[in-house]
Amino acid sequence: MRKIEHIGIAVKDLAAANENYSKLFNAAPYKMEGIESEGVNTSFFLIGDSKIELLEATNQESAIARFIDKKGEGIHHIAYDVKDIVVERKRLIEEGFQAIGEIKNGADNKLVCFFHPKSANGVLVELCQERSK
Ligand code: ZN
């Protein structure tokens with residue numbers, strides 16, 4: 001893993017959260033994107049080299065809706081930038097980390113995959129690799 005790519009925060013109302021975080025950072029999101037297959041709308045903020053992703057559920061079955069039902073709004077995952085997501089996913093599985101699903105297309109032009117919070121002391125882990133254009 002090379003660095004933290006972004007931190008994902010689950011929010012109830014993306015428009016309201018965008019307004020709030022725009023004040024916090026004194027900057028607007030650089031990108032907004034819906035991921036229909038995941039049932040989420042996202043926005044991304046850039047603070048220096050660091051990114052914050054806000055995620056809102058678009059339906060009640062979405063992982064974000066379930067997360068908020070259980071825990072309320074808050075930090076949902078930490079995403080780590082990897083050079084080769086296939087190699088790194090395999091390495092973690094071999095180390096005993098519990099993968100959730102397969103590698104898929106995520107927001108912000110990334111290939112992503114997830115590991116269960118149980119595997120990482122309570123924090124959902126996302127690996128992401130920049131998709132070649
Ligand atoms: Zn993310």
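This talk walks through the zinc site, the strand pairing, two unusual backbone positions and the largest pocket of one structure, and I should say at the outset that the model is predicted.

Let me begin with the metal. The zinc ion has four protein donors, namely His6 and His77, each through NE2, and Glu53 and Glu126, each through OE, and these lie 2.0 to 2.2 Å from the ion. Along the chain, the spacing of the donors reads H-x46-E-x23-H-x48-E. The two glutamates tie together distant parts of the chain, since Glu53 sits in strand S4, residues 50-57, while Glu126 sits in strand S8, residues 124-130, with their positions 73 residues apart. Those of you who set up metal sites will want to know what geometry the four donors give. The angles they subtend at the zinc ion run from 80 to 165 degrees, and the arrangement is therefore irregular; to count as tetrahedral, four donors would need all angles between 85 and 135 degrees. For reference, the ideal angle for four tetrahedral donors is 109.5 degrees.

Are the two glutamate donors buried or exposed? Glu53 has a relative accessible area of 4% and is buried, and Glu126, at 6%, also counts as buried, because the cut-off for that label is under 20%.

Staying with strand S4, I would point to two further charged residues. Lys51 lies in this strand, and with a relative accessible area of 16% Lys51 is buried. Its C-alpha atom is separated by 24 Å from that of Gly101, which is 50 residues away along the chain. Glu56 is placed in S4 as well, and at 15% relative accessibility Glu56 counts as buried. From Glu56 to Gly39 the C-alpha distance is 8.4 Å, for a sequence separation of 17 residues.

Next, the strands and how they pair. S4 runs parallel to S1, with four bridges between the two, and in that pairing Ile7 stands opposite Ile52 of S4. S1 also pairs with S5, this time in the antiparallel sense and over seven bridges, where Lys3 faces Asp81 of S5. Turning to the later part of the chain, S6 and S7 are antiparallel and joined by five bridges, with Ala99 having Phe115 in S7 as its bridge partner. S7 then pairs with S8, again in the antiparallel sense, over six bridges, and here Cys113 has Leu127 in S8 as its bridge partner. Strand S7 thus takes part in both pairings, and five of its six residues are buried, so S7 is largely enclosed by the rest of the structure.

That brings me to the backbone. Most residues other than glycine have a negative phi, and I would like to show you two positions that depart from this. In the hairpin of S6 and S7, which has three residues between the strands, Asp108 takes a positive phi near 60 degrees. Asn121 has a positive phi too, near 55 degrees, and lies in the loop between S7 and S8. How do the two stand in terms of accessibility, buried or exposed? Asp108 is buried, at 7% relative accessibility, whereas Asn121 is exposed, with a relative accessible area of 77%.

Finally, the largest pocket, whose volume is about 830 Å³. It is lined by 37 residues, and those closest to its centre are Ala63, Ile64, His76, Phe114 and Leu124. Several elements give two or more residues to this lining, among them S1, S4, S7 and S8, together with helix H2, residues 63-71. Which element gives the most to the lining? That is H2, with six residues. In terms of chemistry, the lining divides into 16 nonpolar, ten polar and eleven charged residues.

To draw this together, the picture I would leave you with is a zinc ion held by two histidines and two glutamates in an irregular arrangement, with the glutamates coming from S4 and S8, and with both of those strands also giving residues to the lining of the largest pocket.

Methods: Residues numbered from 1 in each chain as written. Predicted model: local features only at pLDDT ≥ 70, side-chain atom pairs only at ≥ 80, totals over all residues. Heavy atoms only, no water. Donors = N, O, S within 2.8 Å, 3.2 Å for Na, K, Ca; no water. Tetrahedral: all angles 85-135°; square planar, octahedral: opposite > 155°, others 65-115°. Buried < 20%, exposed > 50% of the residue type's maximum accessible area, 1.4 Å probe, protein only. 1 Å grid on protein atoms, 1.4 Å probe; cavity = no way out; pocket = protein on both sides within 12 Å on 5 of 7 lines; lining within 4 Å. Points joined across faces, edges and corners; volume = space filled by probe spheres on them. Nonpolar A, V, L, I, M, F, W, Y, C, P; charged D, E, K, R; others polar. Pairing = 2+ DSSP bridges.
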